[in-house]
Amino acid sequence: MLTASATVVVNPLPTLVAPTPLAVCDDNIPDGITEMNLTVKNNEITGGNAGYVVTYHNDLASAQIGTPEVAPSAAAYIGTNGEVVHVRVENAATGCFDTTTLTLEVVGAPAANVPADLEYCDPDNDGLGIFDLDSTINEITGGDPTLDVTFHLTPEDAANDVLPQSSPLSNVVNQTIHVRVDYVNGATNCPTIVTLNLVVLPTPEIADPEPYELCDDDGTADGMTTFALPTMDAEILDGLNAADYEVTYYSLVSDAEIGTTAPSYIATPGAYTSGTTTLGVRVENLATGCYSTTTLDLIVNPLPVPVTTVEALSLAICDDTDANDAIATFDLSGQSGTITGGVSNWAVDYYETLADVQSDTPIADYTAYTNPMPAPMTIWVKVTNTDTGCFDLTTLTLEVDPLPTPADSADLSPIELCDDNTPGDLVETFDLTINEQAVLNGEPNVTVSYHTTFSGAASGDSSIADPTAYQNTDPAETIYVRVTNTGDPNNANDMGTGCYNITSFEIMVHPLPDATAVLEDMIACEDNTDGIYTFDLTVQDAIALNGQSATDFAVTYYETLAAAESGLGGIATPSAYANNNANPQEIFVAIRNLTTGCDVVATSFFVEVQEAANANALMPLVSCDDNMEFDGNPSNDSVMFDLTTQDATVLGAQAATDYTVTYYESEADALAGSNAIAGATSYFNTVNPQTIWVRVDNDTRPEDICYEVTSFDLQVNPVPAFVLEDTYVLCVGTNGTEVINVPVMDTGLDATLYAFEWTEAGDPATVLSTDPSYEPLIGGTYTVYVEDLATGCNSSLTTTVIESAPPAVTAEVATEAFADTHVVVATATGNSIYEFSIDHGPWVSNGTNTYTFTDVAFGEHEIMVRDANGCGVSSTTVFVMDYPLYFTPNNDGYNDTWQIAGIGNQLNAKIYIFDRYGKLLKQLSPTGAGWDGTFNGEHMPSNDYWFTVEYREPGDISGNTKEFKAHFTLKR
């Protein structure tokens, strides 16, 4: 007999509150239909119970079964005035529900008109104005007294009926006012909101015009003239389009505010006759009617009246050429003050003809005007008031007086003297009047004065006080002679014209030849000398002349001072002179200027014969470089040389006690005996190869100066140059995963040109190889010695071979199963530096042989460790025990089942799955595929499910079991 028992639980229905009607204002279409958010009633209906689920339905049947809900949604439902909606309230914990109803009310808004834009003419064009908002109320309401109107800055303020604005209102730029229209006392709180645009119209931005000035040149000096006022329009409009504005003028300034109806409006502005006064000006925008005003000053200026005296009407100057053609260059500007009578604000312009005055073509340069026809000639003068621009005309007659006609300077001979008085100062005394008769050439009524400058002659100032005894100030001077027309000396009334002319002639003092040069003694070097030698004395010519031209000066040599001073008995053949009298012998020198005939005894020098020195030929010095060179440029290779090893060879049979050997870097230094190499025993060449110069000096006597120079080369041969790595890696104990080959230590040198020896530091006496390269079999320190077979120069390098191998790897999960964050610790054992990777991810290292991976996902993971030198990779596997938070059993191949990862090797583990009410749904095998989301063949719904697992910690060999509970999500 079968028996069973069950517990029956009866849950209460939800407790509901019957809602008040949901009232919503109608939208812009007054049809009693509008969008509503029904959910605003949720809290009222449920009494604030968060465990209730509220849905809305169009009929009771739908509310009872819970579907369908209102469309498109409860938050955006299109409701109708008077409509009843059914409400379902379900207890989320028990599933029990109850229903109620909600009445919908759509409230209409009052009718309102959109007002026309409110406009304001802005006097200061700052974009701001003052607007009478109340003036639009009647237009907006249509005069309906039941409506209340308020003005707001934002649509939100209008909708919320807050911050109403008072009238009048000062706007901000381009402002829109939002107008709220509702029934008086806000009976419905469903206002109509319209917009009111506040438009600020600019007033014309005009310029204050400069005064309109005219001259009183209408023939009557009455202070009145006719003005064309429209010519000022453009200046007043200041760039505004004249087609858009009207400019009007008023004799009374204040009438510009009234306009063309004012009595002082000037109807014919193009021909307005007036004296000096001020007019009113109005500029109005033809489109908006906005206007601005300003004033215009009218000024009538009088004409200037030029002086008409004889001095003002005529101008006489001297002719400016010896031809006396009555044509000269006038400075008309000097006449201006006379014509104006000294009035400072009058300007004077000059014209050749009246036609030039009418075309306003003045003479180009008043300060240098040349009359185009022989004088006298009359020109026109225009006198203008510079303050007003008004002018009047007069005339000026130009006259030209002739110049005296002295002799031309080209026809006057110079006065020349030699520097006989105190030689060297180039100063002598001249009688300048010896040329006076030639200067005047018989011309009467003139006087003569002498000057040292042309400007002095031109001004007549600073004449030479005594022209019969004038001492020059420069070796060559120009004397200027001024000849002036002073009138007939016999006629006291004849003062002459004052016109003058200037001529000139030269005076000069010729210097003596330059005799300041110091001549060095001439010494001849001769092997086994007898004290007599044939000298070429003329090699001293250029030195004695000291820069003076050999074509203008002559050099003569004498055996005695007396002969040199007399200029007699000079050496006949100075280019081949044999010292017959003595050794050494003194020679005297004289220099003569071939142009002026002046001569001077210059100086003297000695000729002497000394024993010569000999420098024997030398072979090059060759050495090997002291380091490897890789720049491909042997010219900069440098080593130390002992130059003095060449001393014995260069001296030969000459005694080292009587001759000195010195070394130099240049031939010029060797010849000059300067800048000798100081450290000749330890000299480093500066270029390769380098030429060294050797000087051998005869020092037998202190006065001996004979020497000879030779040279030899320094040559630096390179040592073998090659490169080895500092270290090489040799892989040992490999497992086939290494990525580098057996190392090859290669010099890269040619075996036909070099010899090689490879050794290892542990047994340096054993030559391992004589090839250019070597493959090591074990780690160690290796050295290769290389010799250049052509030069014998050698070099060596040492390198290290290190052994490296793949590691032994262990890894373990350092955290417990089902931990929030899983950690895996990997350890490598070996003699190298290692890098770590998990699941073929990036290689990482912390410089030690242990690495910790954090935040590792559940499941199986491969840990790999590789030798940093490339000698191989080792790996191992770890399992992280944990569970997935969700699965999606939709047969798409992804997350279709739920199973605990990393538990497959615990055959005794037990896994149970329950629904949210504790009902057992499935017991899983730890080695199985997992739960597929079904119970008794039926798909379980999307929800959270609980599980319990009995297990051992991975790696725990004690046999102790643990229990873990948690939940996961099934998603469909």
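1. Buried means under 20% relative accessible area, exposed over 50%, and partly exposed in between. Lys-41 has a relative accessible area of 8%, so this lysine is buried. The model is predicted, and every value below is computed from it.

2. Lys-41 has a charged partner. Its side chain meets that of Glu-44 in a salt bridge, 2.9 Å from N to O. Glu-44 sits at 27% relative accessibility and therefore counts as partly exposed. In this pair, then, Lys-41 is buried, while Glu-44 is partly exposed.

3. How many salt bridges does a search of the whole structure find? The search gives 12. Side chains of opposite charge can pair when their charged atoms come close. The next two points take further examples.

4. Arg-180 and Asp-182 form a salt bridge, with 3.4 Å between the closest N and O atoms. Are these two residues buried or exposed? Arg-180 is buried, at a relative accessible area of 4%. Asp-182 is buried too, at 5%.

5. Asp-599 and Arg-592 also form a salt bridge, their closest N and O atoms lying 3.7 Å apart. Here Asp-599 is partly exposed, at 46% relative accessibility. Arg-592 is partly exposed as well, at 39%. Elsewhere, salt bridges with shared partners link Asp-161, Arg-180 and Asp-182 into one network.

6. Now the strands. An open sheet of four strands runs in the order S1-S6-S5-S3, with mixed pairing. Which strands lie at its edges? They are S1 (22-25) and S3 (52-57), each paired on one side only. From one strand to the next, the twist averages 30°.

7. Within that sheet, S3 and S5 (residues 84-91) run antiparallel and are joined by six bridges. Val-53 has Glu-90 of S5 as its bridge partner.

8. Strand S47 (residues 780-788) has two pairings to check. With S45 (residues 754-760), the pairing is antiparallel over seven bridges. Thr-759 has Thr-783 of S47 as its bridge partner. With S48, S47 pairs antiparallel over eight bridges. There, Val-786 stands opposite Ser-795.

9. The hairpin of S47 and S48 has five residues between the strands. Gly-792 takes a positive phi near 80° in this hairpin.

10. Ser-795 deserves its own entry. This serine belongs to strand S48 (residues 794-804). It is buried, with a relative accessible area of 11%. What does its side chain reach? The contact is with the backbone oxygen of Pro-720, at 2.6 Å. So Ser-795 is a buried residue that stands opposite Val-786 of S47 and has a side-chain contact to Pro-720.

11. A second hairpin involves S56 (residues 910-914) and S57 (residues 920-924), which pair in the antiparallel sense over four bridges. Ile-913 stands opposite Lys-922 of S57. Five residues lie between the strands, and Gly-918 has a positive phi near 90°.

12. Last, the surface. Leu-354, Phe-391 and Leu-393 make up a nonpolar patch there, with about 220 Å² of accessible area together. Leu-354 lies in helix H8 (residues 354-358). Its relative accessibility is 34%, so it counts as partly exposed. A patch residue needs over 30% relative accessible area, and Leu-354 has 34%.

Note on methods
Residues numbered from 1 in each chain as written. Predicted model: local features only at pLDDT ≥ 70, side-chain atom pairs only at ≥ 80, totals over all residues. Heavy atoms only, no water. Pairing = 2+ DSSP bridges. Axes fitted to C-alpha atoms, helices over the stretch in contact; angles between N-to-C directions. Patch = residues over 30% accessible without salt bridge, like charges linked within 9 Å, V, L, I, M, F, W, Y side chains within 5 Å. Areas by Shrake-Rupley, 256 points an atom, 1.4 Å probe, with all protein chains shown as cover. Salt bridge = Lys/Arg side-chain N within 4 Å of Asp/Glu carboxyl O. Buried < 20%, exposed > 50% of the residue type's maximum accessible area, 1.4 Å probe, protein only. Polar contact = N/O pair within 3.5 Å; in protein donor to acceptor, adjacent residues only side chain to side chain.
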